[in-house]
Amino acid sequence: MELPKLPFYKKHSQIFKAIIAGGILGLIYAAMYYAGLDFGYLRLLLGTVIGIFIGFIIITLEKSLSYLNDYSFIAAILLKAVIYSISILIFLLLFAVAFNKIAAHISYEQALSTYVNDRLFKDFLFSLGASIFLILFLEISSLLSPGFFYNYFTGRYHRPVQEERIFMFVDVQSSTTMAEQLGDVLYSKLLQDLFNDFTDSILASRAEIYQYAGDEIILTWKASKGINENRCLYCFYLLKQSIRNKQDYYLKTYKTIPKFKAGMHIGNAVTNWVGKVKKEIVYHGDLLNTTSRIQCKCNEFNHDFVISENMKNALIKDSSIKYEEQGEIVLRGKAKTIKLFTVDFDI
């Protein structure tokens, strides 16, 4: 079976978001500026196209000027807004001059003079406002899970909903020792790099990030999505592969290659919105507690990946995946025993 691959739309989701938001801004600006004029609908189309190009300009600059994120949030926004608005204004000026030259059959000097007198100030305000809006939009969208707005506005989890889910608890091994050796600041930087390097693997396996809890990351899938192509299982393999690809960097920067362990389980969980001051989707139920305890068995089994029997039975049969039964185990705090398996990949 093939490994899960990162979908094109997820890999470039920030680009699509910026282009869509830019197109909407361009459409709104054109609708306000050209309201009541003849052939306004053509101007609306032109405004949308310009807005799309503006979104592309901003996302390109956002990637090129990522070092500005080292400044405070307000300073970064102001610096980006100035740079982006000037870049947008230059684009609008060149576009408008060329368009007026062709459409009105006038010289470049006349086209430039007309633009400066009639539209320069308005377009500067638009470019500044568009820059600030898109910067905030991209920042906020990166803080929220992909389905946050959809779930919130559709009211999907405004009442508790029980659904079958898969959970994987991924924990850094020997975290206390590493923290002592590296110090708190450098160890925190290591975790930042580690979780950033996990991103493509998580997106490829269609996992949702439920929580970052210290040196642990909790992933979840709706059962049908995680079982499809054994995505939830191969997620662990992809996570390890992402670290293997960066092991030279970790050795050079931190003098160590981080290792991690994971436990995975499937069952019913109740999904619900909680909080007024800070709204958040949370999951309740025995599923999470059991998954956490399964992960704790990794050290006892001297293995980095342990799953439950229910999880194994739900997965698609695959000759490249090797399971080894560890017998009936009594998990801490549980009355009933549960059969656990370690997992290896023959890829």
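Here are a few friendly notes on this predicted model.

1. Let's start with the overall fold. The chain is built from 15 helices and eight strands. Of its 347 residues, 42% count as buried.

2. Next, the contacts along the sequence. Taking the contacts in the chain with a separation of 6 or more, 71% are between residues 24 or more positions apart.

3. On the surface side, about 19400 Å² is exposed by the chain, and 59% of that comes from carbon and sulfur atoms.

4. The interior deserves a look in your viewer. The largest nonpolar core contains 41 residues, and those with the most contacts inside it are Met 168, Trp 221, Met 264, Phe 305 and Ile 307. Helix 12, spanning residues 231–244, supplies the largest share of this core, with eight residues. Another core lies apart from it and has 22 residues, including Ile 58, Leu 65, Ala 81 and Tyr 115. As background, nonpolar side chains in soluble globular proteins tend to be buried together.

5. Now the cysteines. The structure holds zero disulfides. For Cys 232, the nearest cysteine sulfur belongs to Cys 235 and is 8.3 Å away, whereas a disulfide needs the two sulfur atoms within 2.5 Å. Cys 232 is buried, with a relative accessible area of 0%.

6. Cys 296 is likewise in no disulfide, and the nearest cysteine sulfur, 8.3 Å away, is that of Cys 298. Where does Cys 296 sit in terms of exposure? Cys 296 is partly exposed, at a relative accessible area of 44%.

Key
Residues are numbered from 1 along each chain as its sequence is written. This is a predicted model: local features need pLDDT of at least 70, side-chain atom pairs count only at pLDDT 80 or more; totals for chains, interfaces and linings use all residues. Side-chain values use heavy atoms; hydrogens and water are left out. Helices (H or I, at least four residues) and strands (E, at least two) are DSSP runs, numbered from the N terminus. Buried means under 20% relative accessible area, exposed over 50%, partly exposed in between (1.4 Å probe, protein chains only). Contact means heavy atoms within 4.5 Å. Accessible areas come from the Shrake-Rupley method with a 1.4 Å probe; for residues, only the protein chains shown count as cover. A nonpolar core is a set of buried Ala, Val, Leu, Ile, Met, Phe, Trp, Tyr and Cys residues joined through side-chain atoms within 4.5 Å.
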